[in-house]
Amino acid sequence: MTWQEQKLPADHPPVKSGGVGVLLVNLGTPDAPDTPSVRRYLKQFLSDRRVVEIPALVWQPILRGIILNTRPKKSAHAYSQVWTDKGSPLAAITAEQAEKLQERLGPVREGDVRVDWAMRYGNPSIPDRLQAMLNAGCERVLFAPLYPQYSGATTATAVDDAADALKAMRWQLSLRTLPPYHDDPVHIAALARDIGAQLDALDFAPELLLLSFHGMPQRTLELGDPYHCHCRKTARLLEEALARPDLRIRTTFQSRFGPAKWLEPATDDVLEEEAKAGTKSIAIAAPGFSADCLETLEELAIRGREQFMEAGGEKFAALSCLNAGETGMDMLETLIRRELSGWI
Ligand SMILES: C=CC1=C(C)c2cc3[nH]c(cc4nc(cc5[nH]c(cc1n2)c(C)c5CCC(=O)O)C(CCC(=O)O)=C4C)c(C)c3C=C
Ligand SMILES: [Fe+2]
Ligand SMILES: [Fe+2]
């Protein structure tokens, strides 16, 4: 739909009435853990030129001819292992974060803050939720990609999508974006508190804590993407804030995809290498993810455990992300209120 065709239903509330919106955004997920749904999702995700930086003429035949014929079945199986009665964990947790943030910012009356959530790929889409906010009277929207570390493949493509949605509006919303918060003291303190509490609640004392971040092609670092530096900085500050001199801590990168060289060291390689070198007990945290998802619940908690145990490890714990827990919500509320200053 173009802005010339944009129409509102007859029973619609007045467009724009000074309201403020907050849109929490995450990566996206399939609608169901089955092969056709995963194929649809992967087609949209992996066709994004911010995610796969290979010329379309070269990449699209590989994507359509090979990847979309093989990966969806395998990934659907992985999704089915972590799917919940509220749907995909990533979507369910993001919805809960939005609900809890709404409670903290107050009930929605005209002119008040309206909190919603959207996904960059799949549903609910960013254009759909921005239009819904406009229809509900929001003149100003804080667009909040929930990625602590910035990368072109996550933060920037979400902002691109919002900007494209604005292109279709005659009377645009005013948009602010939440900056990356990888080194924000409020974020580091929340991670240290939450991870510290989870470590203390374990029935064993791990010899090693792995901080596993989602990987990216090494080339993106060479092209100037700050993602790798942001991950390293989060890890360094978190290690300082945890202040556990007896705990060895290592940073790794997970979810390698395709034949290109990705950021190293790879989480799966390190799990195996550590077990073979005699490390018996490990805890693993994923401070690059604001919500648990396939990559933490299946890749780390299920496959990571298998890899470590099969290579000789004995005790393994996958720690949760901040999700919609009190510590995570306190942090999110602080970051969001700060960005809303002057608006509310
Ligand atoms: C947290 C930051 C993320 C970065 C950076 C990122 C880069 C990136 N990812 C792929 C390929 C895949 N990622 C997949 C899942 C996935 N990725 C992130 C986050 C980042 N990705 C999340 C939160 C998720 C989980 C989604 C969910 O539904 O729970 C997948 C899909 C699953 C699968 O088939 O394995 C792929 C594929 C690339 C190529 C990339 C490059 C920059
Ligand atoms: Fe990914
Ligand atoms: Fe993965």
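Start with the contacts of the chain: among those with a separation of 6 or more, 80% join residues 24 or more positions apart. Keep in mind that this is a predicted model.

**Colour by confidence.** Mean pLDDT for the chain is 95. Residues at 70 or more make up 94% of the chain. For the complex, the predictor reports an ipTM of 0.95 and a pTM of 0.95. Low pLDDT is a warning not to read the predicted coordinates in detail.

**Switch to cartoon.** You should find 11 helices and 8 strands. The radius of gyration is 21 Å and the globule rule gives 20 Å for 344 residues, so the chain is as compact as a globular protein of that length. Now turn to the principal axes: the C-alpha trace spans about 70 × 45 × 40 Å along them.

**Select the core.** Of the 344 residues in the chain, 41% are buried. The largest nonpolar core holds 84 residues. Pick L23, V25, L130 and A144, the members that touch the most others. Then centre on L130. Which residues is L130 in contact with, leaving aside neighbours within four places in sequence? They are L23, V141, A162, A165 and L173. L23 thus appears in both selections.

**Move to ligand 1.** Show the 23 residues that surround it. Zoom in on the closest: T29, S75, A153, C293 and L294. Next, highlight three helices, α2 (56-82), α5 (152-167) and α10 (294-310). Each supplies at least two residues of the shell around ligand 1. Finally, colour that shell by residue class: 13 are nonpolar, 8 polar and 2 charged.

Notes: Residues numbered from 1 in each chain as written. Chains lettered and ligands numbered in written order. Predicted model: local features only at pLDDT ≥ 70, side-chain atom pairs only at ≥ 80, totals over all residues. Core = buried A, V, L, I, M, F, W, Y, C linked by C-beta atoms within 7 Å. Buried ≥ 20, exposed ≤ 12 C-beta atoms within 10 Å, placed from the backbone. Contact = placed C-beta atoms within 7 Å. Near = placed C-beta within 6 Å. Helix = DSSP H or I, 4+ residues; strand = E, 2+ residues; numbered from the N terminus. Nonpolar A, V, L, I, M, F, W, Y, C, P; charged D, E, K, R; others polar. pLDDT = per-residue confidence, 0-100. Rg over C-alpha atoms; globule rule 2.2 N^0.38 Å.
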